[in-house]
Amino acid sequence: MIDFKGMHFPKDVILFAVFFYLRYPVSYRDLEEIMEERGVDVDHGTLNRWVVKFAPLLATQAQARKKPTAVSWRMDETYIKVKGKWTYYYRAVDNTGKTLDFMLSERRDKAAARRFFKRAIGTNGVPDRVVIDKSGANLAGLQSVNVILKFTGSGNTIKILQVKYLNNIIEQDHRFVKRITGPMLGFKAFHSAEATLAGIETAHMIRKGQLHANGLTAFQQFAALAA
């Protein structure tokens, strides 16, 4: 259960505001006006603090509760602006388009790719195969993971494919994230970017039906993550 003690607004109000910001392309000032129209007087700075505080906690719950994913993966990275500079946003989906994992990095190199693959495997298990682009860094990072698996795991390694058209599914999936981050005009701090992106991915997972809905609306599924 996520702790809302000490907050000056009801839990449901906070969750609604956080969900709305993560699911729809609005700025914090837009959301401030939307909340005011609903009778809630809260400034954009407070809304920002809510997102940064609660989005990563809800994302952790979503990863733990999501439905099983396939063992054929698609991995790619896109760009996110932080403090006026472009950073690298690693993402992976399975061959049906379901979100596996994501990671923001200041660098695009072998070490970052290896860290991302180890994180994704820790969350989702070892895949049978991974499709990547022509990036040498991603290839080297995945090969180094295979070395670890060979000598410390069951001996099974991951089949690596570098076939551009097979990665169309994740390139298309990037568009949802870009549509939501567009009005944000970049992030002022790396940690707030990480937190917000984790929340956006959570809203996207709900949209893709990755959680057990049990007849709940998208917002109700989101709010249930806090229970």
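This report walks through the two largest pockets of a predicted model and two of its helix pairs.

## The largest pocket

Let's start with the largest pocket, which has a volume of about 420 Å³. Its lining is made up of 15 residues, and those that lie nearest the centre are Tyr28, Asn48, Met184, Gly186 and Lys188. If you would like to find the pocket from the secondary structure, look for α2 (28-37), α3 (44-65) and α7 (190-207), the elements that each give two or more residues to the lining. Helix α3 provides the largest share, with 3 residues.

What is the chemical make-up of this lining, counted as nonpolar, polar and charged residues? Polar residues number 7, nonpolar residues 6 and charged residues 2.

## The second largest pocket

The second largest pocket holds about 220 Å³ of space. Here, too, 15 residues form the lining, and Asp101, Phe102, Arg119, Glu194 and Ala198 lie nearest the centre. The elements that give two or more residues to this lining are α3, β3 (99-105), α4 (110-124) and α7. By class, the lining residues of the second largest pocket divide into 9 nonpolar, 3 polar and 3 charged.

Where does this pocket lie with respect to domain 1 and domain 2? Domain 1 covers 11-67 + 189-226, while domain 2 covers 72-174. Both domains give residues to the lining of the second largest pocket, so this pocket lies between them.

## Helices α1 and α2

Now for the helix packing. Two packed helices are described by the angle between their axes and by the distance between those axes. Helix α1 spans residues 11-23, and it packs against α2 at an angle of about 140°, with the two axes 10 Å apart. Angles over 145 degrees would count as roughly antiparallel, and α1 and α2 are therefore oblique to each other. The crossing of these two helices is right-handed. Helix α2 also appears in the pocket description above, as one of the elements that give two or more residues to the lining of the largest pocket.

## Helices α6 and α7

The other pair brings together α6 (residues 168-181) and α7, whose axes cross at roughly 125° and come within 10 Å. That angle makes α6 oblique to α7. What is the handedness of the crossing of α6 and α7? The crossing of α6 and α7 is right-handed.

Helix α7 is worth following through the model as you look around: α7 gives two or more residues to the lining of the largest pocket, and α7 likewise gives two or more residues to the lining of the second largest pocket.

Definitions and conventions. Residues numbered from 1 in each chain as written. Predicted model: local features only at pLDDT ≥ 70, side-chain atom pairs only at ≥ 80, totals over all residues. Heavy atoms only, no water. 1 Å grid on protein atoms, 1.4 Å probe; cavity = no way out; pocket = protein on both sides within 12 Å on 5 of 7 lines; lining within 4 Å. Points joined across faces, edges and corners; volume = space filled by probe spheres on them. Helix = DSSP H or I, 4+ residues; strand = E, 2+ residues; numbered from the N terminus. Nonpolar A, V, L, I, M, F, W, Y, C, P; charged D, E, K, R; others polar. Domains from an automatic or database assignment. Axes fitted to C-alpha atoms, helices over the stretch in contact; angles between N-to-C directions. Parallel < 35°, antiparallel > 145°, perpendicular 65-115°, else oblique. Left-handed = near helix turned anticlockwise from the far one by under 90°.
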